[in-house]
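This report walks a new reader through one protein chain, taking its cores, rings, helices, sheet and loops in turn. Please keep the sequence and the model in view while reading.

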Amino acid sequence: MVSGPAIGIAGAGSIGCFVGGMLAASGRRVALLARPRVITEIEANGLRSTSFEGFDRTIPRASLALSENPSIFEGAGTVLVTVKSADTAGMADIIAKHAPANAVVVSLQNGVGNVAVLRERLPGRRVLGGMVPFNVIALGEGRFHRATSGDIVIERDEALPAGKLSVPGLKVRSRTNIEGVQWGKLLLNLNNALNALADLPLRRQIGQREWRRLFADQVAEGLAAIRAEGIRPVSPTPVPLAWLPSLLRLPDTIFEALLGRTMKIDPEARSSMWEDLKHGRRTEIDYLQGVITGIAVRHGLKAPLSRRIVELIRRAEREGRGSPGLTPDQVRAS
C-alpha cells in the first residue's frame, strides 16, 4: 500500500532510480524527474532494482510518478537531489519553483560543495547533506543494480529523521558531522577516475597492488590537502582514513582478506566515471581530483598525481571513445 507524502527524486539517474525503486518497493510514494531515455526504459520495462545481495524487485510503471516535467514535485514532502555536481544550481532553481516550501531537500551527491549551492539558491528551506557509499550500475531496460555495500548517511535533523527514509534493503543512518563524512567519501571517490582509466571491473582493479598504490598515493595527496584546509574528514568505512594509504599498499592476499571484512563488491561493478566515459557524458573529475588540486594551489602544495589524473580524464572526455584502458605505469607517466 502506497502511503505518505511523495519522495521526489531530482535527477533520476543510476543512484536516483535505484533509491527510488527501493523506496517504491516498500510502499513509499515516489516521483522521479528523469531524462527521456530513462523514462522510455521504465515505460517499457518498469523500474527494476537489483542488488549483489540478491534483492530483485520490479515496480510497474503505473505505481510510479515519472516525468521530465518538474511539476511532478508539487506534492513532495522530501526531495532527494541525485544530479551531478555541475547540475546542482539548475536543479535547485527547479526545486524552488516546483516543490512545496516545506519540502526537506537532501543532497545525495558526490562532492563536497553541493549543500552550500543548494542552501544559497533555496533560502529559507531545509537543506540537508547526505552521502551514498555504494555504487549503482545502469544495466539497461530499466534495471539499476547495486554493486557495492554500505549505508546511506544523512545529516542529523529533526525535520527528517533518517528512519523516515530507511526501508528494507536500503538503510539510512544519521550523522552530526556530515561535512566530515562527505570529505571522507571524496577521498574514497578518488579511485573512481582510476577505475575509469583502467577499464577493469572495480574488484579486479582494486585487487591489483599497482592500482592500489596509485590509489594510496591519491589518498595521501588528498589527506595532505584537506588537512591544510583545516578539515577533519570522517571515514565512511570502518577503516580510519589515516591508515588507508598503508593498507592499500599491502600485498594482494592480505589486502583481499581485509577488504572482505569491510566491503562487498559485485564482480562486475565499475565506477560511475567509467560509465560516464562509456556513454560520452561529462564526468565529475572537477569535483573530485579537481577539488584536491584547487586546495593544493591555495596552500602551495604539490599534487602531481591528482593533476595528472585530471589531465587524463579530460583527454578521455575530449576523445569520446570511452575508457582508454591504461596501465598503472601509463597513468603515472608525466
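## A buried leucine and its surroundings

Leaving aside neighbours within four places in sequence, Leu-165 is in contact with Ile-7, Leu-23, Arg-28, Leu-80, Ile-154, Leu-160, Leu-170 and Val-172. The model in which these contacts are found is a predicted one. Leu-165 belongs to the loop between β12 (152-155) and β13 (172-175), and with a relative accessibility of 6% this residue counts as buried, because the limit for that class is under 20%. One of the contacts spans a long stretch of sequence: Leu-165 and Arg-28 are 137 residues apart along the chain, while their C-alpha atoms are separated by 9.2 Å.

The two strands that flank this loop take part in an open sheet of three strands, in the order β9-β12-β13, with mixed pairing. The edges are held by β9 and β13, each of which has a single partner strand, so one side of each is left without a neighbour in the sheet. Between β12 and β13, which run parallel, there are four bridges, and Val-153 stands opposite Arg-173 in β13.

## Two nonpolar cores

The largest nonpolar core has 46 residues, and the members that touch the most others are Ile-309, Ile-313 and Val-331. At least two residues of this core come from each of α5 (178-198), α6 (202-206), α7 (209-228), α8 (244-248), α9 (252-262), α10 (272-278), α11 (289-299) and α12 (304-319). Of these contributions, the largest share is that of α5, with nine residues. Apart from this core lies another, of 38 residues, which includes Phe-18, Ile-154, Ala-162 and Val-172.

What does Ile-309 touch, not counting residues up to four places away in sequence? The list consists of Ala-193, Leu-194, Leu-197, Gln-218, Ile-285, Gln-289 and Val-331.

Gln-289 also appears among the buried residues of α11, together with Gly-290, Val-291, Ile-292, Thr-293, Ile-295 and Ala-296. These buried residues of α11 pack against α5, α7 and α12. Just after the helix α11, Gly-300 takes a positive phi of about 65 degrees.

## Aromatic rings and charges

The structure holds one aromatic pair. It is formed by Phe-18 and Phe-134, whose ring centres are 5.8 Å apart and whose planes stand at 75 degrees, so the pair is edge-to-face. Because Phe-18 lies in helix α1 (residues 14-25) and Phe-134 in the loop between β9 (130-131) and β10 (136-140), the pair ties together parts that are 116 residues apart in sequence. Both partners count as buried, Phe-18 at 0% relative accessibility and Phe-134 at 5%.

Elsewhere, arginine side chains lie over the faces of aromatic rings, as the table sets out.

| Arginine | Ring below | Distance from the ring centre |
|---|---|---|
| Arg-212 | Phe-255 | 4.3 Å |
| Arg-270 | Trp-274 | 4.4 Å |

## Loop residues

Ser-271 is found in the loop between α9 and α10. Is Ser-271 buried or exposed? At 4% relative accessibility, Ser-271 counts as buried. A polar atom of the side chain of Ser-271 lies 2.9 Å from the backbone oxygen of Asn-192, and, leaving aside neighbours within four places in sequence, the contacts of Ser-271 are Asn-135, Asn-192, Asn-195 and Ala-196.

Two further loop residues deserve a look for their backbone angles. Most residues other than glycine have a negative phi. Glu-141, although not a glycine, has a positive phi of about 55 degrees; Glu-141 has its place in the loop between β10 and β11 (143-146), and its relative accessible area of 62% makes this residue exposed. Asp-199, likewise a residue other than glycine, has a positive phi near 60 degrees. Asp-199 lies in the loop between α5 and α6, and at 33% relative accessibility Asp-199 counts as partly exposed.

Notes. Residues numbered from 1 in each chain as written. Predicted model: local features only at pLDDT ≥ 70, side-chain atom pairs only at ≥ 80, totals over all residues. Heavy atoms only, no water. Core = buried A, V, L, I, M, F, W, Y, C linked by side-chain atoms within 4.5 Å. Buried < 20%, exposed > 50% of the residue type's maximum accessible area, 1.4 Å probe, protein only. Contact = heavy atoms within 4.5 Å. Phe/Tyr/Trp six-rings, centres within 6.5 Å; stacked < 30°, edge-to-face > 60°. Lys NZ or Arg CZ within 6 Å of the ring centre and 35° of its normal. Polar contact = N/O pair within 3.5 Å; in protein donor to acceptor, adjacent residues only side chain to side chain. Pairing = 2+ DSSP bridges.
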